[in-house]
Amino acid sequence: MTEKTNDQHGNLPGRQRRRFAGISSRAYEHPADRSALVALRKLSGFDTVFKALSGLLPERSLRLLFLSDSVRVSDAQFSHLNDMLRDACYILDLEKVPPMYVTQDPKPNAMCIGLDEPIIVVTTGLVELLDEEEMRAVVGHEVGHALSGHSVYRTILLFLTSLALKIAWIPLGNVAIMAIVTALREWFRKSELSADRAGLLVGQDVQASMRGLMKIAGGNHLHEMNVDAFLAQADEYEKGGDLRDSVLKILNVLPRSHPFTTVRAAELKKWSETRDYQRIMDGHYPKRSEDKDTSVTDSFRESGRHYADSVRNSRDPLMKLVTDIAGGAGDLAGDLGGKLFSRFNGGPGGHGNGTAAEGAKGARGGSGGEADGADGTGSGERGQSEG
């Protein structure tokens, strides 16, 4: 057990938290995280790029940059964050406490980067936005990234995104890099779901995790917001609209390195109510010492089950269509054409009288860029912090 000190800002009283000695990251990793990483590693050319960048990325320069232009967390500076960091590492049994920096940036954000050894960076915007319990979940989130080894791929993603912007005028070169960047973003969106779970294991306060995500979406107006209503937005987002909305959802999320905030909140709330989470809290979880004996086939199988269940239980119109077609009802081509025509033109399950061409036009206009702490611009959506 680990005891929390009293909140220096007077937010919440101290309490005890469970420690997970020797816990493996497999305990909290989202199945989609693992399968997306496998797909990423199978991408043509990724191994070559990874090996090349591992030796070329200026990691020492990056560390010197934060050392010289940010505030390093310690007993003397941001001591309450230092206590949270050490506590999070103790709870998840991360032997070496990574360096942590606070950098001046009004945008709430946090990240874990580094190739050889991870470093954690949080912005002043995030520190000022969250209370102690909410911030504890964020620190646990970043320590979860460190324990899972996510910082390596995150660093490469930041570098390649920056590189893609610089060589955008080279058609073939940019296409090759953007293929890897797109795959990295797909994986990183899934890895965020894993890190959110790690944050919950550290904070052990579901409501604080929900509040933190809600504040990242809506700012420091907690008295104007409601967690249940926020989660209802996620439910409406998942099941609402027609096939055009399904296409727009895909296009909107592609440029992002993080899932939408309401989706993250809903996923975390769902996991907190599962038997898997309760078993971890009861002290039954996979250990790092067993990682070498883990079956890759079992991991693939678990990921496959997760995706199958996700498609089967999804209320998204596109996923429903996929499920209906997979059921083999009638002639495949006729069934697909009929459903598409019906849903795009206001029939059962559709809305309005728009055409497929209009839907595609709306999709092109609806996607936007994303600012993710260090890179990315766009006009179609707000920047998303990691939180």
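This tour moves through a predicted model, first to a sheet and the helix lying across it, and then to a pair of crossing helices.

Begin by selecting strands 3, 4, 5 and 6, which form an open sheet of 4 strands with mixed pairing, arranged in the order 3-4-6-5. With the sheet in view, colour residues 71-72 and residues 110-113: these are strand 3 and strand 5, the edge strands, each of which pairs on one side only.

Next, restrict the selection to residues 100-103 and residues 119-123, that is, strand 4 and strand 6, which pair in the parallel sense over 4 bridges. Within this pair, show the side chain of threonine 103 and look across to strand 6, where threonine 123 stands opposite.

Keep the sheet displayed and add residues 132-148, which make up helix 6; this helix lies across strand 4, strand 5 and strand 6, and runs at about 20° to strand 5.

Now move to residues 206-218 and residues 227-239, helix 9 and helix 10, whose axes come within 10 Å and cross at roughly 70°. Because of that angle, helix 9 counts as roughly perpendicular to helix 10, and the crossing of the two is left-handed. To see what fills the contact, select Gln207, Met210, Arg211, Leu213, Met214 and Ala217 on helix 9, together with Val227, Phe230 and Leu231 on helix 10. Colouring this selection by residue class should show 7 nonpolar, 1 polar and 1 charged residues in the contact of helix 9 with helix 10.

Notes. Residues are numbered from 1 along each chain as its sequence is written. This is a predicted model: local features need pLDDT of at least 70, side-chain atom pairs count only at pLDDT 80 or more; totals for chains, interfaces and linings use all residues. Side-chain values use heavy atoms; hydrogens and water are left out. Axes are lines fitted to C-alpha atoms, for helices over the stretch in contact, and angles run from 0 to 180 degrees between N-to-C directions. Angles under 35 degrees count as roughly parallel, over 145 as roughly antiparallel, 65 to 115 as roughly perpendicular and the rest as oblique. A crossing is left-handed if the near helix is turned anticlockwise from the far one by less than a right angle, and right-handed if clockwise. Contact means heavy atoms within 4.5 Å. Ala, Val, Leu, Ile, Met, Phe, Trp, Tyr, Cys and Pro count as nonpolar, Asp, Glu, Lys and Arg as charged, and the others, Gly among them, as polar. Two strands pair if DSSP finds at least two bridges between them.
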